[in-house]
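The following exercises are to be worked through with the sequence and the three-dimensional model in view. Each task is followed by a solution in steps.

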Amino acid sequence: MEENSREKIGKRIRDLRLMKGFTKQKLAELTDISSASVTRMETGRHSVGIDTLAKIAQVLDSTLEIVEDGKLRIEDGEWKNERERILFQLKNIRIERNIRQYTFADMLGVACCNMSLIESAKRSIGVGIVSQIANLLGCRLEIVLNSERSKMAVKKIKNSKKMSQAEIDFLKQNYKKPLSFLAGKLERSEIDIKGNMQRLKLRLRQ
């Protein structure tokens, strides 16, 4: 699975590089990596780090994105880097799928303590592992051209904990409906809806 992900992303980088008219040497210079690394990456023989991949994508007028159900997953928030943004999205998807961290670590074949480090973006991580995480969660990691990105359908997720009065009223009226329905209507993550529902129930009891 990891090797297929490497090859797929490597081919995508090669296609975008040629589309821009860059030689391997030119791409290497713009991204501060060796031309030999570019060759290994494009042929799927090198698992480039997610930070480096994000930099390569930017040079190629593209962005690194999580695609879920055929849509870009866009979440509100501020991140230190692209690695943190991508791993934050994947963690939210895991939580929405009701998969516990230790269970997912076992599925991925890593120690639970390492899974915690991965999800908190506290360690460098290769694109192969990130793609494997995405595949296990039923989504995928892609390099999307900025021009393509603006035309793609978007699954927008709001992660602000504070809800408007209209959203609170909607939850009051529809609290018996599934989380997936509520999340879709309010364009929020299921974990965000769940947290707000718990606070709303406490407030109604007072």
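**Exercise 1. Strand pairing around β2**

Glu75 stands opposite Ile157 in β4. The model is a predicted one.

Task: Determine in which sense β2 pairs with β4, and in which sense with β1.

Solution.
Step 1. Strand β2 covers residues 71-75, and strand β4 covers residues 154-157. The two pair in the parallel sense, over four bridges; the position of Glu75 facing Ile157 belongs to this pairing of β2 with β4.
Step 2. Strand β1 comprises residues 62-68 and runs antiparallel to β2, with two bridges joining them. Here Glu68 is placed opposite Lys71 in β2.
Step 3. Between β1 and β2 there are two residues, and the two strands form a hairpin. Asp69, in the turn, has a positive phi of about 55 degrees.
Step 4. As to solvent cover, four of the five residues of β2 are buried, so the strand is mostly covered, buried meaning under 20% relative accessible area.

**Exercise 2. Salt bridges between separate parts of the chain**

Task: For the salt bridges of Glu148, Arg83 and Asp69, identify the partner of each residue and state where the two members of each pair lie.

Solution.
Step 1. Side chains of opposite charge can pair when their charged atoms come close. The cut-off applied to the nitrogen and oxygen atoms is 4 Å, and a search of the whole structure finds 17 salt bridges.
Step 2. Glu148 pairs with Arg12, with 2.9 Å between the closest N and O atoms. Glu148 belongs to helix α9 (residues 146-149) and Arg12 to helix α1, so this pair links distant parts of the chain, 136 residues apart. Both members are partly exposed: Glu148 has a relative accessible area of 33%, and Arg12 one of 24%.
Step 3. Arg83 pairs with Asp51, and their closest N and O atoms are 2.7 Å apart. Because Arg83 lies in helix α5 (residues 82-96) and Asp51 in helix α4, the pair ties together parts that are 32 residues apart in sequence. Arg83 is buried at 12% relative accessible area, whereas Asp51 is partly exposed at 30%.
Step 4. Asp69 pairs with Lys155, with the closest N and O atoms 3.9 Å apart. Asp69 is in the loop between β1 and β2 and Lys155 is in strand β4, so parts that are 86 residues apart in sequence are tied together. Asp69 counts as exposed, at 61% relative accessibility; Lys155 is partly exposed, at 26%.
Step 5. Asp69 and Lys155 also belong to a network of salt bridges, which further includes Glu68, Arg73, Glu75, Glu96 and Arg97.

**Exercise 3. Positive phi in loops**

Task: Establish where Asp32 and Asp61 lie, and whether each is exposed, partly exposed or buried.

Solution.
Step 1. Asp32 is not a glycine, yet its phi is positive, at about 60 degrees. Asp32 is found in the loop between α2 (24-31) and α3 (35-42).
Step 2. The relative accessible area of Asp32 is 63%, so Asp32 is exposed.
Step 3. Asp61 likewise has a positive phi, near 55 degrees, in a residue other than glycine. The loop that holds Asp61 runs between α4 (50-59) and β1.
Step 4. With 38% relative accessibility, Asp61 counts as partly exposed.

**Exercise 4. Surface, interior and overall dimensions**

Task: Which residues gather in the patch of positive charge on the surface, and is Gly128 buried or exposed?

Solution.
Step 1. The patch of positive charge consists of Arg14, Lys24, Arg40 and Arg45. Of these, Arg14 lies in helix α1 (residues 2-20) and counts as partly exposed because its relative accessibility is 40%.
Step 2. Gly128, in helix α8 (residues 127-136), has a relative accessible area of 0% and is therefore buried.
Step 3. Gly128 and Glu96 are 32 residues apart along the chain, and their C-alpha atoms are separated by 23 Å.
Step 4. For the chain as a whole, 42% of the 206 residues count as buried. The chain contains twelve helices and four strands, and its C-alpha trace spans about 65 × 40 × 25 Å along its principal axes.

Notes. Residues are numbered from 1 along each chain as its sequence is written. This is a predicted model: local features need pLDDT of at least 70, side-chain atom pairs count only at pLDDT 80 or more; totals for chains, interfaces and linings use all residues. Side-chain values use heavy atoms; hydrogens and water are left out. Patches are made of residues with over 30% relative accessible area and no salt bridge: like charges are joined within 9 Å, nonpolar side chains (Val, Leu, Ile, Met, Phe, Trp, Tyr) within 5 Å. Accessible areas come from the Shrake-Rupley method with a 1.4 Å probe; for residues, only the protein chains shown count as cover. A salt bridge is a side-chain nitrogen of Lys or Arg within 4 Å of a carboxyl oxygen of Asp or Glu. Lys and Arg count as positive and Asp and Glu as negative; His and the chain ends are not counted. The place of a charge is taken as NZ of Lys, CZ of Arg, CG of Asp or CD of Glu. Buried means under 20% relative accessible area, exposed over 50%, partly exposed in between (1.4 Å probe, protein chains only). Two strands pair if DSSP finds at least two bridges between them.
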